[in-house]
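This briefing concerns a predicted model. It takes up the disulfides, then a sheet, and then some backbone details.

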Amino acid sequence: MCRTIVWLASVCLLICPSLSCYDCFIDVEDSLRLCWGHVLTNTNVRNMDECFRKLDRIFNTNQTVIEAGRVGEGFDIKLKEILEAEILPVVEEFDQNLNMDTVYERRLQTAADNFIAAASKLPRVSGCFPPCGFQSAGAVYNCITCQYDSCEFPLDCPVEEIEVMENHKAQMWCDVAFDLPSDIEVIWRFAEEIKTQEMDQFIEVTAGVDRLYSIPSTSLQHQGTYQCEIYSGSRSIVRIYFYITVTPQLVAGHTELQEIFDLSLLPGGQLLSAPGAAPRSFLPLLLVLLTTCLTTSLLLLFLTLGVLYWSSSEEDHNEGDADDDDHFELEMS
């Protein structure tokens, strides 16, 4: 009866505070055998409870041990092999033998250090694909829970921006890098004109299994945020966002001309030359153009003055002829 009470108390001390890699992989019976001969140096009394507290301090609450145990999927078996290789030989050696607490401290700390060194070399790569989505297959082992954690990513993905010209086609793929269940449902929603991830801003557009949303011919009313949410049963797996900016055709044409002009100029007023040729200065060409324009303007001015002078001379000549005719007629009469 007394032995049963001691066993229950020891088990409670071992597993109640918290789990760790030690508790995940070492049986309670082996821990009892390990701590059976633990003797306190100051009182020379066998004390199993203090041995379990020592295990808790060296393994259970040791954050370095816990981090070393965060391995990729499938490597928890390797963790078990490493820890058993360090602990079980000590169990066989200490079973039914008295050893001072200083010996326990040294041997257990060495076992923990060796476990950390070996476990830290195991692959850390997991099945998690950032930056978003509930990924149940995320394989990071957790020594506190003795199981693999799912990927700790938010459901909402960053907003992807798409620019499209008016009357052009737009397509959005509700795609993710991780594997999806076979029973998915896809719901598309739309928030007109605004860029947002607030759920109450969206209205449902369509629901089904199609992960492609297509707009054959965009117009200004299609500008806004599109949300694709994937469900498996009642669980939301991921929410993907697209913000579409629709550029009117007239504005697009003006922008393209401006870009072509900007690209034709280099810093310092230089024109873009043919590939392989040195850039030509824009300033000499500007001087030539200004000189040509000035010369042409002066030439036109002189021509205009000449025409006016010729017209004036013709009028004076015609008036003189008319006066002579009148004088001749008077003499005849």
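How many disulfides does a search of the whole structure find? The search finds 5 disulfides, and three of these pairs are described below, followed by the sheet and by residues with backbone values that deserve a look in this predicted model.

**Disulfides**

- Cys-21 and Cys-143 form a disulfide in which the sulfur atoms lie 1.5 Å apart, and the torsion about the S-S bond is about 70 degrees, so this disulfide is right-handed.
- This pair links distant parts of the chain, since Cys-21 belongs to helix 2 (residues 21-25) while Cys-143 sits in the loop between strand 3 (140-142) and strand 4 (147-149), 122 residues apart.
- Cys-21 has a relative accessible area of 1% and is therefore buried, and Cys-143, with a relative accessible area of 0%, is buried as well.
- A disulfide is also formed by Cys-35 and Cys-51, whose sulfur atoms are 2.0 Å apart, and with -65 degrees about the S-S bond this link is left-handed.
- Here the distant parts of the chain that are linked are helix 3 (residues 28-35), which holds Cys-35, and helix 4 (residues 48-60), which holds Cys-51, the two cysteines being 16 residues apart.
- Cys-35 counts as buried because its relative accessibility is 0%, which falls under the 20% cut-off, and Cys-51 counts as buried at 0% relative accessibility.
- Cys-132 and Cys-157 form a disulfide with their sulfur atoms 1.9 Å apart, and the value of 85 degrees about the S-S bond goes with a right-handed link.
- Cys-132 lies in the loop between helix 7 (101-119) and strand 3, and Cys-157 lies in strand 5, so that this pair, 25 residues apart, again links distant parts of the chain.
- Both cysteines of this pair, Cys-132 and Cys-157, are buried.

**The sheet**

- An open sheet is formed by 5 strands in the order 5-11-10-7-8, with mixed pairing.
- Strand 5 (156-165) and strand 8 (203-208) stand at the edges of this sheet and have a single partner strand each, so one side of each is left without a neighbour in the sheet.
- On average, and with direction ignored, neighbouring strands of this sheet are turned by 20 degrees against each other.
- Within the sheet, strand 7 (residues 184-192) and strand 10 (residues 224-232) run antiparallel and are joined by 9 bridges, and Glu-185 has Tyr-231 of strand 10 as its bridge partner.
- Strand 5 also ties the sheet to the disulfides described above, as Cys-157 is in strand 5 and strand 5 is an edge strand of the sheet.

**Backbone details**

- Most residues other than glycine have a negative phi, and most peptide bonds are trans.
- The peptide bond from Pro-130 to Pro-131 is cis, with omega near 15 degrees, and Pro-131 has its place in the loop between helix 7 and strand 3, the loop that also contains Cys-132.
- Asn-167, which is not a glycine, has a positive phi near 70 degrees; this residue is found in the loop between strand 5 and strand 6 (170-173), and at 43% relative accessibility Asn-167 counts as partly exposed.
- Glu-193 likewise has a positive phi, of about 75 degrees, although it is not a glycine; Glu-193 is found in the loop between strand 7 and strand 8, and its relative accessible area of 55% is why Glu-193 counts as exposed.

Conventions: Residues numbered from 1 in each chain as written. Predicted model: local features only at pLDDT ≥ 70, side-chain atom pairs only at ≥ 80, totals over all residues. Heavy atoms only, no water. Pairing = 2+ DSSP bridges. Helix = DSSP H or I, 4+ residues; strand = E, 2+ residues; numbered from the N terminus. Axes fitted to C-alpha atoms, helices over the stretch in contact; angles between N-to-C directions. Disulfide = S-S within 2.5 Å. Buried < 20%, exposed > 50% of the residue type's maximum accessible area, 1.4 Å probe, protein only.
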